[in-house]
Amino acid sequence: MMHSTPLLVIGAGPAGYTAAIYAARASMSPMLVAGMQPGGQLTITTDVENYPGFADAIQGPWLMEQMRAQAEHVGTSMFHDVITSVDFSSRPFRCEADSGDVFMAQTVVIATGAQARWLGIPGEQALSGFGVSACATCDGFFFRGKKVAVIGGGNSATEEALYLSNLAAHVTLIHRRDSLKSEKILQQRLFAKENITCLWDTAVEEALPDDGKRPALRALKLRNTRTGAISEMAIDGMFVAIGHDPATAIFKGQVAMDEGGYIITEPGSTRTSVPGVFAAGDVQDHIYRQAVTAAGTGCMAALDAERFLAATHSAERQAA
């Protein structure tokens, strides 16, 4: 099918839903294509304590359900599809979906978020789903009473370790340096947990399988980053938490990006290098990467798009 809209939102996290809410309330009849993971990273986040407006911790999936329902309630048309290619060379912009549907949009908000980053070590992908994971809240249930390791040293790793400590018998946080980069309050909680151990100055070299017909993670091959010494640690599960990469592959060559693949926006706005195309959330934010900042840029993107359309219509009327 061919769809036509003043504003197409690509992505369904806090940025995408907020952009759709503001656009719908401005009578822009937005369409939103949700992508592979509707709700974004918050759908794999349990306790959310830092989103304004809630005195007690809330669940990430619940918050995303509320945002989706609000966007629909005010008039957003939702599509459970995946945009696979875009053409921003002329307006209306052409965006093709995996289903074969084509979306022709006067303006576009890119809000595709970010994806988990992997270590790139031997055995990691082969054992993904068989002891190796990048999502503790997705797979932690399967490791109740077992020994697991979390790889990383930032907020993501610390939060994953804390979550897993409530399920696993023991959690080892493995970090290639001798201190964590996570927020101090998270570090305090981590160090207070009796069943969490930090293994400093250590890098994971390989995920080792067992000898079963259906291989599962048996151990990790480790290297001391100071001495170079190699060792093995028997483990039931490994959770990689070393950050994320922006989901911007389909936009390469269409809008300007930095060396990390983040979409470049004009300071103080969500405008990209292509007039009429805007970027919000983690695709253009490699500093804060919070749900509340993503929602804020989603609001900005909708307002920027509304002003762009108003200016374009005004120029067209004057030309006529």
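In which loop does Ala-55 sit? The legends below take that up and then tour other parts of this predicted model.

**Figure 1. Ala-55, out in a loop between two strands.** The loop in question runs between strand 3 (47-48) and strand 4 (58-59), and Ala-55 is part of it. With 86% relative accessibility, Ala-55 counts as exposed. For a sense of scale, pair Ala-55 with Ala-315: the two are 260 residues apart in sequence, and their C-alpha atoms are 47 Å apart in space.

**Figure 2. Helix 1 alongside helix 2.** Here we look at helix 1 (residues 14-25) and helix 2 (residues 60-73), whose axes come within 9 Å and cross at roughly 25°. Angles under 35 degrees count as roughly parallel, and the two helices are therefore roughly parallel to each other. Helix 1 contributes Pro-14, Tyr-17, Ala-20 and Ile-21 to the contact, while helix 2 brings Met-64, Met-67, Arg-68, Gln-70 and Ala-71. Sorted by class, that makes seven nonpolar residues, one polar and one charged. As for handedness, helix 1 passes helix 2 in a left-handed crossing.

**Figure 3. Helix 1 again, now against helix 6.** The axes of this pair come within 7 Å and cross at roughly 35°. Helix 1 passes helix 6 in a right-handed crossing. On the helix 1 side, the contact uses Pro-14, Ala-15, Thr-18, Ala-19, Tyr-22 and Ala-23. Helix 6 answers with Ala-291, Ala-294, Ala-295, Gly-298, Cys-299, Ala-302 and Leu-303. Eleven of these residues are nonpolar and two are polar, with no charged residues in the contact.

**Figure 4. Inside the largest nonpolar core.** In soluble globular proteins, nonpolar side chains tend to be buried together. This core has 32 residues, and the ones touching the most other members are Leu-7, Val-9, Tyr-17, Leu-32, Tyr-51, Leu-63 and Val-109. Strand 1 (2-10), helix 1, helix 2 and helix 6 (291-319) each put in at least two residues. Helix 6 gives the most, with seven.

**Figure 5. Val-109 and its surroundings, with a second core.** Setting aside neighbours within four places in sequence, Val-109 is in contact with Leu-7, Leu-8, Val-9 and Ile-10, as well as Ala-19, Phe-278, Ala-280 and Ala-301. There is also a second, separate core, made up of 23 residues. Among its members are Val-86, Ala-105, Val-108 and Val-274.

**Figure 6. Two serines with positive phi.** Both Ser-27 and Ser-29 lie in the loop between helix 1 and strand 2. That strand covers residues 31-33. Phi is near 60° for Ser-27, a positive value in a residue other than glycine. Ser-29 also has a positive phi without being a glycine, with a value near 45°. Ser-27 counts as exposed, at 65% relative accessibility.

**Figure 7. A cis peptide bond ahead of Pro-92.** The bond joining Arg-91 and Pro-92 is cis, with omega at about 0°. To find the spot, look in the loop between strand 6 (83-87) and strand 7 (93-97), where Pro-92 lies.

**Figure 8. Helix 4 crossing helix 5.** The axes of helix 4 (residues 155-165) and helix 5 (residues 184-192) come within 10 Å, crossing at roughly 35°. Helix 4 passes helix 5 in a left-handed crossing. From helix 4, the residues in contact are Asn-155, Thr-158, Glu-159, Ala-161 and Leu-162. Leu-186, Gln-187, Arg-189 and Leu-190 make the contact from helix 5. The class breakdown is four nonpolar, three polar and two charged residues.

**Figure 9. Arg-223 in strand 15.** This strand spans residues 217-224 and includes Arg-223. Is Arg-223 buried or partly exposed? The relative accessible area is 25%, so Arg-223 is partly exposed. Leaving out neighbours within four places in sequence, the contacts of Arg-223 are Arg-176, Asp-201, Thr-202, Ala-203, Glu-205, Gly-228, Ala-229 and Ile-230. Asn-195, by way of a distance marker, is 28 residues from Arg-223 in sequence and 23 Å away in space, C-alpha to C-alpha.

Note on methods: Residues are numbered from 1 along each chain as its sequence is written. This is a predicted model: local features need pLDDT of at least 70, side-chain atom pairs count only at pLDDT 80 or more; totals for chains, interfaces and linings use all residues. Side-chain values use heavy atoms; hydrogens and water are left out. Axes are lines fitted to C-alpha atoms, for helices over the stretch in contact, and angles run from 0 to 180 degrees between N-to-C directions. Helices (H or I, at least four residues) and strands (E, at least two) are DSSP runs, numbered from the N terminus. Angles under 35 degrees count as roughly parallel, over 145 as roughly antiparallel, 65 to 115 as roughly perpendicular and the rest as oblique. A crossing is left-handed if the near helix is turned anticlockwise from the far one by less than a right angle, and right-handed if clockwise. Contact means heavy atoms within 4.5 Å. Ala, Val, Leu, Ile, Met, Phe, Trp, Tyr, Cys and Pro count as nonpolar, Asp, Glu, Lys and Arg as charged, and the others, Gly among them, as polar. A nonpolar core is a set of buried Ala, Val, Leu, Ile, Met, Phe, Trp, Tyr and Cys residues joined through side-chain atoms within 4.5 Å. Buried means under 20% relative accessible area, exposed over 50%, partly exposed in between (1.4 Å probe, protein chains only).
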